[in-house]
Amino acid sequence: MIATGTMHAQQRDGAGSTSSASSSSASVSQEALNKTYTIMGHTFKPVWADDYKSYVLVGTGGEGEAAEWAPNAIGYSVEERKQGMEQVSEAYKELYGKD
């Protein structure tokens, strides 16, 4: 449940727009919605995604959804992209709260 946004992004890659959100969406605090997240030096903010009935992290500079952008970012090494995906995971944990 913590990585709902990341899982949805991964589902979208594999299943197009047919994937749906889980029936029990994690709650997100207003504080978390007002925060920005830095991933690989780029700024991402929570944006409501109707398709998934949850918030996803979207780049403020046209990067798109964080979990889709980070592993494919041009100009970064494999290691930097791996670290970026760890940053994405941590950002989603922070957004949706930790267990």
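Helix α4 covers residues 78-96, so counted because helices here are DSSP runs (H or I, at least four residues) and strands are E runs of at least two, numbered from the N terminus. Its 19 residues reach 27 Å from the first C-alpha to the last, close to the 27 Å expected at 1.5 Å a residue. That expected span is 1.5 Å times one less than the number of residues. Keep in mind that this is a predicted model: local features need pLDDT of at least 70, side-chain atom pairs count only at pLDDT 80 or more, and totals for chains, interfaces and linings use all residues. Residues are numbered from 1 along each chain as its sequence is written, and side-chain values use heavy atoms, with hydrogens and water left out.

Which residues of α4 are buried? They are Gly 84, Val 88, Ala 91, Tyr 92, Leu 95 and Tyr 96. Buried here means under 20% relative accessible area, exposed means over 50%, and partly exposed is in between (1.4 Å probe, protein chains only). Looking down the axis of α4, the buried residues fall within an arc of 115 degrees, so they line one face of the helix. The arc is taken from the directions that run from the helix axis to the C-beta atoms. As background, an α-helix has 3.6 residues a turn, so residues three or four places apart point the same way. Just after α4 comes Gly 97, with a positive phi of about 90 degrees.

Now for Glu 80, which also sits in α4. Glu 80 counts as partly exposed because its relative accessibility is 37%. Leaving aside neighbours within four places in sequence, Glu 80 is in contact with Met 40 and Gly 75, where contact means heavy atoms within 4.5 Å. Glu 80 and Met 40 are 40 residues apart along the chain, yet their C-alpha atoms are separated by 7.6 Å.

**The sheet**

Zooming out, the chain has 4 helices and 3 strands, and from the N terminus on its elements run α-α-β-β-β-α-α. The 3 strands form an open sheet in the order β1-β2-β3, with antiparallel pairing. The edge strands are β1 (37-39) and β3 (54-59), each pairing on one side only. From one strand to the next, the twist averages 45 degrees; the axes behind that angle are lines fitted to C-alpha atoms (for helices, over the stretch in contact), and angles run from 0 to 180 degrees between N-to-C directions. Two strands pair if DSSP finds at least two bridges between them.

β1 and β2 (residues 42-49) pair over 3 bridges. Across this pairing, Tyr 37 stands opposite Phe 44 in β2, and the bridge partner of Ile 39 in β2 is His 42. β2 and β3 pair in the antiparallel sense over 6 bridges, and there Pro 46 stands opposite Leu 57 in β3.

Each hairpin has a turn residue worth a look. The β1 and β2 hairpin has 2 residues between its strands, and the β2 and β3 hairpin has 4 residues between its strands. Met 40 has its positive phi in a residue other than glycine, and Lys 53 is not a glycine either.

| Residue | Loop | Phi | Relative accessible area |
|---|---|---|---|
| Met 40 | between β1 and β2 | near 55 degrees | 12%, buried |
| Lys 53 | between β2 and β3 | about 55 degrees | 49%, partly exposed |

**The core**

How many residues does the largest nonpolar core have? It has 21 residues, and those with the most contacts inside it are Ile 39, Leu 57, Val 88, Tyr 92 and Leu 95. A nonpolar core is a set of buried Ala, Val, Leu, Ile, Met, Phe, Trp, Tyr and Cys residues joined through side-chain atoms within 4.5 Å. At least two residues of this core come from each of α2 (30-34), β1, β2, β3, α3 (66-69) and α4. The largest share, 5 residues, is supplied by α4.

Ile 39 shows how these pieces meet. Not counting residues up to four places away in sequence, Ile 39 touches Phe 44, Ala 66, Trp 69, Gly 84, Gln 87, Val 88 and Ala 91.

For the chain as a whole, buried residues make up 36% of the 99 residues. Among contacts with a separation of 6 or more, 53% are between residues 24 or more positions apart.
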